[in-house]
Amino acid sequence: MSTQINEDDILKRLRMGKPFRKDDPLYAQFGAVVARSIRLCVEMNAQATELDQVRRRLSDIIGTEIDASTTVFPPFHTNFGRFIRLGKNVFINHACSFLDIGGITIEDDVQIGPHVNLTSENHPLDPTDRKTLLLQPIVIKRNAWIGAGATILPGVTIGENAIVAAGAVVSRDVPPNTVVAGVPANVVKTL
């Protein structure tokens with residue numbers, strides 16, 4: 001007797017934010033969602049020639065309609081897709097990568113430069129448990145600006161109106177109305 005697992009089971013399991021191991025009974029369903037997202041991203045990046053097409057295809061990947069005021073330039077990459085939430089009037093430039101299994105929320109009026117990486121998942125330091133996923137959401141608050149080539153790590157919140165300088169690696173929360181730069185990113189200016 002076979003048991004069919006629906007996508008809602010894996011989404012509910014991952015939303016709990018607990019470590020997710022390869023021996024989890026829902027791992028096969030997880031793999032199916034990842035395979036679907038990768039396939040749809042490849043199709044979107046290869047075939048979408050107008051911004052409306054990109055919005056429609058990305059809406060299909062994330063499972064929520066993207067507002068017409070939001071612009072995403074391909075290529076765009078995600079490994080899961082179902083835990084990305086985009087506000088209104090968001091701009092995402094070319095070649096961004098969103099690893100969203102831990103969740104990525106981008107509020108209204110955010111600007112994201114090219115080659116930005118948002119990574120909401122990590123792995124344990126223990127080599128015997130390294131294939132386990134540790135999930136922590138990323139939140140980018142209203143009117144923030146993420147510069148070209150920046151990397152935002154798991155569990156980070158970028159405050160309202162904050163600026164992340166190009167090339168910065170952000171490993172801790174960024175206060176509202178500040179500019180952060182460097183590796184690791186530190187506050188260099190208050191707005």
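The following questions and answers concern the helices, strands, cysteines and loops of a predicted model.

This is a predicted model in which local features need pLDDT of at least 70, side-chain atom pairs count only at pLDDT 80 or more, and totals for chains, interfaces and linings use all residues. Residues are numbered from 1 along each chain as its sequence is written, and side-chain values use heavy atoms, with hydrogens and water left out.

Q: How is helix α1 oriented to helix α2, roughly parallel or roughly perpendicular?
A: Helices (H or I, at least four residues) and strands (E, at least two) are DSSP runs, numbered from the N terminus. Axes are lines fitted to C-alpha atoms, for helices over the stretch in contact, and angles run from 0 to 180 degrees between N-to-C directions; angles under 35 degrees count as roughly parallel, over 145 as roughly antiparallel, 65 to 115 as roughly perpendicular and the rest as oblique. The axes of α1 (residues 7–15) and α2 (residues 27–47) come within 9 Å and cross at roughly 100°. Therefore α1 and α2 are roughly perpendicular.

Q: Which residues of α2 meet α1?
A: Contact means heavy atoms within 4.5 Å. On the α1 side, the residues are Glu7, Ile10 and Leu14. Their counterparts in α2 are Gln29, Phe30 and Val33.

Q: How are α2 and α3 oriented to each other?
A: The axes of α2 and helix α3 (residues 51–62) come within 10 Å. They cross at roughly 180°. This angle makes the two helices roughly antiparallel.

Q: How many charged residues has the contact of α2 with α3?
A: The contact includes Arg36, Leu40 and Glu43 of α2, and Val54, Arg57 and Asp60 of α3. Ala, Val, Leu, Ile, Met, Phe, Trp, Tyr, Cys and Pro count as nonpolar, Asp, Glu, Lys and Arg as charged, and the others, Gly among them, as polar. By these classes, the contact has 6 nonpolar and 3 polar residues, and the number of charged residues is 4.

Q: Why do Cys41 and Cys96 form no bond?
A: A disulfide is a pair of cysteine sulfur atoms within 2.5 Å, and a search of the whole structure finds 0 disulfides. The closest cysteine sulfur to that of Cys41 is in Cys96, and this is too far for a bond because the separation is 12 Å.

Q: Is Cys96 buried or exposed?
A: Buried means under 20% relative accessible area, exposed over 50%, and partly exposed in between (1.4 Å probe, protein chains only). Cys41, at 4%, is buried. The relative accessibility of Cys96 is 0%, so Cys96 is buried.

Q: Which residues form the covered face of strand β5?
A: Strand β5 spans residues 96–99. Its uncovered face has Ser97 and Leu99. The covered face has Cys96 and Phe98.

Q: Which strands stand at the edges of the open sheet?
A: Two strands pair if DSSP finds at least two bridges between them. The open sheet has 5 strands in the order β2-β5-β8-β13-β16, with parallel pairing. Each edge strand has a single partner strand, so one side of each is left without a neighbour in the sheet; these strands are β2 and β16.

Q: Which residue of β8 stands opposite Phe98?
A: β5 pairs with β2 in the parallel sense over 3 bridges, and there Phe76 stands opposite Cys96. β5 also pairs with β8 (residues 117–119) in the parallel sense over 3 bridges. In β8, the residue opposite Phe98 is Leu118.

Q: Is Arg82 buried or exposed?
A: Arg82 is placed in the loop between β2 (76–78) and β3 (84–86). Leaving aside neighbours within four places in sequence, its contacts include Glu7, Val33 and Asp100. Its relative accessible area is 17%, so Arg82 is buried.

Q: Which residue does a cis peptide bond join to Val183?
A: One cis peptide bond runs from Pro74 to Pro75, with omega near 0°. Another has omega of about -5° and starts at Val183. The residue joined to Val183 lies in the loop between β17 (178–181) and β18 (186–190); this residue is Pro184.

Q: What is the phi of Asn161?
A: His115, exposed at 51%, has a positive phi near 60° in a residue other than glycine. Asn161 lies in the loop between β14 (157–158) and β15 (163–164). Although Asn161 is not a glycine, its phi is positive, at about 65°.
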